[in-house]
Amino acid sequence: MSTVTRPHGSRSAAAPTAAPPATAPPAGAASPAIPQRRPGLDWRIRFGVLSLVWGFSFLLIKVGTHGYAPLQVTLGRLLFGTAVLAVTLVVKRERLPRGARTWGHLMVAAFLLNALPFSLFAFSELTIPSTLAGICNATTPLWGMALSLVALSEDRPTRRRVAGLGIGFIGVLTVLGAWQGFSGLDFAGTAMALVASLSYAIGWIYVRRTLAGSGHSNLSLTGAQLLLATLQLTVVTPVFTTLPTHLAVIPLLAIAALGVLGTGLAFLIQYGLVAEVGPTTAQMVTYFVPVIATAAGVAALGESLSWSTPVGAVIVLAGAALTQPRARIRT
């Protein structure tokens, strides 16, 4: 998933998420405002669909790793997601961006916003529950806020945002059970999930600094970005994995759903939301993803849930919400 999640900002910058998710942050760059036809489906319904799709992405990743190596899961996800964007580009008659410099920046964005975090989440779920991975994904706004204070001159610290960062940190410690000495926690898996969320935040800031105002549409930029991420995994995956000895149907279907829905379709829905209600409101999907990911992991996969996980998740989300500018919803 792309989860994508999106750190705060005043520009309409698309980023893949998390799933990502949010998330993903889906990734692209700010483009000039272009009058668009108002979609027939209410934005609140599309917001709910996006939350569900990215929330279930962590479950789909877990199921995919039951039959395939993490890099194979990521490659499959990118292949299916890129196919959706390619079809959309053809239907809308849009072209991929031009210029070596633009493609160079997109290569970096593809690594930071797709190839690296997607792979890290897949690896992390070999040893940690999908519920924990989904909650780690919710730390992206916290990473983004902390980094943007250094990297983006237009972002200024306020008491509210600094307090949000501190509260979010307390929430992370609660989820991880710090008072118990992190007993029973798989450090490597959790660290990979947190680094994946950090990668989203770094990638989003990189996109804002290098591709904002490029003149290309978000769809064009993201189609190229997913294509580059797919090529990156196509090169890496055969080196570190071997072909599976048999076809695992259920995991393969999970990977297909992860790519088509959690990457391709989710990006398209998010772009529509950004155009209609603005990036600040659209990125609020971040706060629903861990709730859905937790419910899906417990209900469908039978993952255990201690009291500290939901309590810590609520604290994380409260902190993340405080770091964001107040949304102005256009109806």
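The exercises below work through a predicted model of one protein chain.

**Exercise 1.** Describe the confidence and the overall make-up of the protein chain.

*Solution.* Begin with the confidence: the mean pLDDT of the protein chain is 83, and 82% of its residues reach 70 or more. Over residues 1–35, however, the pLDDT is below 50, although this stretch has 207 contacts in the model beyond near neighbours in sequence. Turn next to the secondary structure, which comes to twelve helices and two strands; read from the N terminus, the two strands precede the helices. Finally, consider burial and surface: 55% of the 331 residues count as buried, while the chain exposes about 14100 Å², of which carbon and sulfur atoms supply 69%.

**Exercise 2.** Find the salt bridges of the structure, and determine for each partner whether it is buried or partly exposed.

*Solution.* A search of the whole structure gives two salt bridges. In one of them, D42 pairs with R44, and the closest N and O atoms are 3.3 Å apart. Since partly exposed covers the range between 20% and 50% relative accessible area, D42 belongs to that class with 33%, and R44 belongs to it with 43%.

In the other bridge, E276 pairs with R46, with the closest N and O atoms 2.4 Å apart. This pair links distant parts of the chain, because E276 lies in helix α9 and R46 in helix α1 (residues 43–64), 230 residues apart. Buried means under 20% relative accessible area, so E276 counts as buried at 12%, and R46 likewise counts as buried at 10%.

**Exercise 3.** Identify the residues with the most contacts inside the largest nonpolar core, and list the contacts of L273 outside its neighbours within four places in sequence.

*Solution.* The largest nonpolar core has 70 residues, and those with the most contacts inside it are L50, W54, F121 and L273. As general background, nonpolar side chains tend to be buried together in soluble globular proteins. For L273, set aside the neighbours within four places in sequence; the residues in contact with L273 are then W43, R46, F47, L50, G278 and A282. Two of these names have appeared before: R46 is the salt-bridge partner of E276, and L50 is listed with L273 among the core residues with the most contacts.

**Exercise 4.** Locate a nonpolar patch on the surface, and place V249 within the secondary structure.

*Solution.* The residues L247, V249, I250, L252 and L253 make a nonpolar surface patch of about 490 Å². V249 is in helix α9, which spans residues 249–277, and helix α9 also holds E276 of the salt bridge with R46.

Conventions:
Residues numbered from 1 in each chain as written. Predicted model: local features only at pLDDT ≥ 70, side-chain atom pairs only at ≥ 80, totals over all residues. Heavy atoms only, no water. Patch = residues over 30% accessible without salt bridge, like charges linked within 9 Å, V, L, I, M, F, W, Y side chains within 5 Å. Areas by Shrake-Rupley, 256 points an atom, 1.4 Å probe, with all protein chains shown as cover. Salt bridge = Lys/Arg side-chain N within 4 Å of Asp/Glu carboxyl O. Helix = DSSP H or I, 4+ residues; strand = E, 2+ residues; numbered from the N terminus. Core = buried A, V, L, I, M, F, W, Y, C linked by side-chain atoms within 4.5 Å. Buried < 20%, exposed > 50% of the residue type's maximum accessible area, 1.4 Å probe, protein only. Contact = heavy atoms within 4.5 Å. pLDDT = per-residue confidence, 0-100.
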